[in-house]
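This briefing follows charged side chains and one helix through the structure shown below. The points are grouped by topic, starting with salt bridges.

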Amino acid sequence: MIEERNGADGAIPGSDALLAALASAFTGPDGRPVPVERLVLTAGQLAGLRPVDGAGVLVPDAAQLAALLPGATAALVVLDGDGTENGDGSNGTQDAVALVTHAAVGRSHLLAAEAVAAATGGLRRAMGALRTEAAVIDALHSVGRRLTAQLDIGRIVQEATDAATTAVGAAFGAFFYNLVNQFGESYTLYTLSGVPREAFSRFPMPRNTEVFAPTFDGKGTVRSDDITADPRFGRNAPYHGMPEGHLPVRSYLAVSVISPTSGEVLGGFFFGHPEPARFTGRHEYVAEGIAGYSAIALDNARMFERERDFTRELSRSMLPETPTVPGLELVTRYLPAATGPKIGGDWFDVIRLPSGATAFVIGDVVGHGVTAATVMGQVRTAIRSYALLGLPPSEVLRHVSALLDSFTDSTFVTCFYAVQTPDDGLVYANAGHLPALLLRADGPIEQLGEALAQPLGVGSVFPERTAEFRRGDDLFLYTDGLVESRSRDVTEGLEWLLEAVAALPRPVTVESCDGLVAQLTGGTHDDDVALIYVHRTGEPG
């Protein structure tokens, strides 16, 4: 006879067939079935109970039975799980069903529990091992996803060192970069985990000794239950072992970090513990997995840094030197995108003309990459050439637009071109670029050239306009990286720019221009920024 009574969660886990079979095994001294009820238990109620031979059936002893189920004469607890244990030896399952009787019973239910254990114990242990293995693999993949999503080398190595030190249970872990210079091998301590960096500050970097060589040469993982007893240990002068004051190390684990693309040994992870035999084959497997992901992440980060450095230097090399112009104070800036390695097509130019006038040019080639940079260089050269011929702004832009139209690959370029004449005039034309700002010494900010014409490579007519550019006035030209971002459209950005420029102290300085850029972009601009700030002093040339 079976009576069902649910626990707090109202569910009865486990197999009904198994529960029914075990319940029928509860018999009195006369061999007849006795009343049995089912009771759902939680993991907290199972503390201290162990399965029969690793199977999913628990047999409480008299003391446990009295504490767990007061008044019961016998019970079997059927686990809903794989029967594995937690690290502290307690049961690792979440829920269980107790088959409980308050009648006098014989031993038949114990024999049934042993039979279930014999039939299912091996399978449950195998399932538990597989689940443990799956948990390790999941943990490795989680670490791998975090590492390979990073592009900052310092952060990659520190996160990997922290994760691996925790995963292998080391007292401390370190990553040494594999560097070779004219003096031989020089292994730079890059990151530490588990101890402060000062713990190694008094010691020289490790050399290519017999213990360290396999790691720095990429020959394989080294794992020792007691490195001080290893025949390779202590054979190198001057210390013949660990220097005095070094952290105590008995258990030792070292794993190479090898580039999957070049095969280069990038460095090595080293883990230590003062007690012997702390690292197992599983720890070795985990450390090697994290080292593999670290190698991929470091490869990605190094390629990213190389490309970013190359593109930034290429961009800067294509920009002109700003000349000194009597009567004008000039601030120019070009800042590559703070995020991403792509080179942009932004540029500026200040050109002293044979007539005594000065031309100011700001522009942006649509797109990114080497193609955009190449077009930018050609357009900048073409504008400078036509400008030095003395052509007016409308003609300069018309000729350059026709030149772009002859390119094999279609592209277009926005450009604002203005000429400051010796008689305090400003003549300008705008090919699809953002409006320039004219700050009067005694009046509001004016926007010049808004929507005058289409970009170069698209438009063919570029109307000219004129404005007065008197002593004390300022002219501000810029590219869209200053006002537009993924989180802000250009209209909102222009409003912010007008407010920020109006608040600048006059005359504008290099520091205030840099502050303006930082204020508007937050230091995380995802496009290039170029700008020209001109203050008209009125001093004679």
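Arg223 is partly exposed, because its relative accessible area of 38% lies between the limits for buried and exposed residues. The model is a predicted one, and Arg223 in it forms a salt bridge with Glu284, the closest N and O atoms being 2.7 Å apart. This pair links distant parts of the chain, since Arg223 belongs to strand 8 (residues 222-224) and Glu284 to helix 6 (residues 281-317), 61 residues apart.

**Salt bridges between distant parts of the chain**

- The count of salt bridges in the model comes to 14, and side chains of opposite charge can pair in this way when their charged atoms come close.
- Asp514 and Arg333 meet through their side chains in a salt bridge with an N to O distance of 2.8 Å, and this pair joins helix 10 (residues 510-521), which holds Asp514, to strand 11 (residues 328-335), which holds Arg333, across a separation of 181 residues.
- Asp514 counts as partly exposed at 32% relative accessibility, and Arg333 likewise counts as partly exposed, at 24%.
- Asp473 forms a salt bridge with Arg440, in which the closest N and O atoms are 2.7 Å apart; Asp473 sits in the loop between strand 18 (465-468) and strand 19 (474-478), whereas Arg440 sits in the loop between strand 16 (436-439) and strand 17 (445-448), 33 residues apart.
- Buried means under 20% relative accessible area, so Asp473, at 1% relative accessibility, counts as buried, and Arg440, at 10%, counts as buried too.

**Helix 7 and a salt-bridge network**

- Helix 7 (residues 370-388) has 19 residues and reaches 27 Å from its first C-alpha to its last, close to the 27 Å expected at 1.5 Å a residue.
- Among the buried residues of helix 7 are Ala372, Val375, Met376, Val379, Arg380 and Ile383, and Arg380 is also linked with Asp349 and Arg384 in a network of salt bridges.
- An α-helix has 3.6 residues a turn, so residues three or four places apart point the same way.
- Just after helix 7, Gly390 takes a positive phi of about 85°.

**A negative surface patch**

- Glu484, Asp489, Glu492, Glu495 and Glu499 form a negative surface patch.
- Glu499 is found in helix 9 (residues 490-502), and its relative accessible area of 57% makes Glu499 exposed, because exposed means over 50%.

Note on methods:
Residues are numbered from 1 along each chain as its sequence is written. This is a predicted model: local features need pLDDT of at least 70, side-chain atom pairs count only at pLDDT 80 or more; totals for chains, interfaces and linings use all residues. Side-chain values use heavy atoms; hydrogens and water are left out. Patches are made of residues with over 30% relative accessible area and no salt bridge: like charges are joined within 9 Å, nonpolar side chains (Val, Leu, Ile, Met, Phe, Trp, Tyr) within 5 Å. Accessible areas come from the Shrake-Rupley method with a 1.4 Å probe; for residues, only the protein chains shown count as cover. A salt bridge is a side-chain nitrogen of Lys or Arg within 4 Å of a carboxyl oxygen of Asp or Glu. Lys and Arg count as positive and Asp and Glu as negative; His and the chain ends are not counted. The place of a charge is taken as NZ of Lys, CZ of Arg, CG of Asp or CD of Glu. Helices (H or I, at least four residues) and strands (E, at least two) are DSSP runs, numbered from the N terminus. Buried means under 20% relative accessible area, exposed over 50%, partly exposed in between (1.4 Å probe, protein chains only). The expected span of a helix is 1.5 Å times one less than its number of residues.
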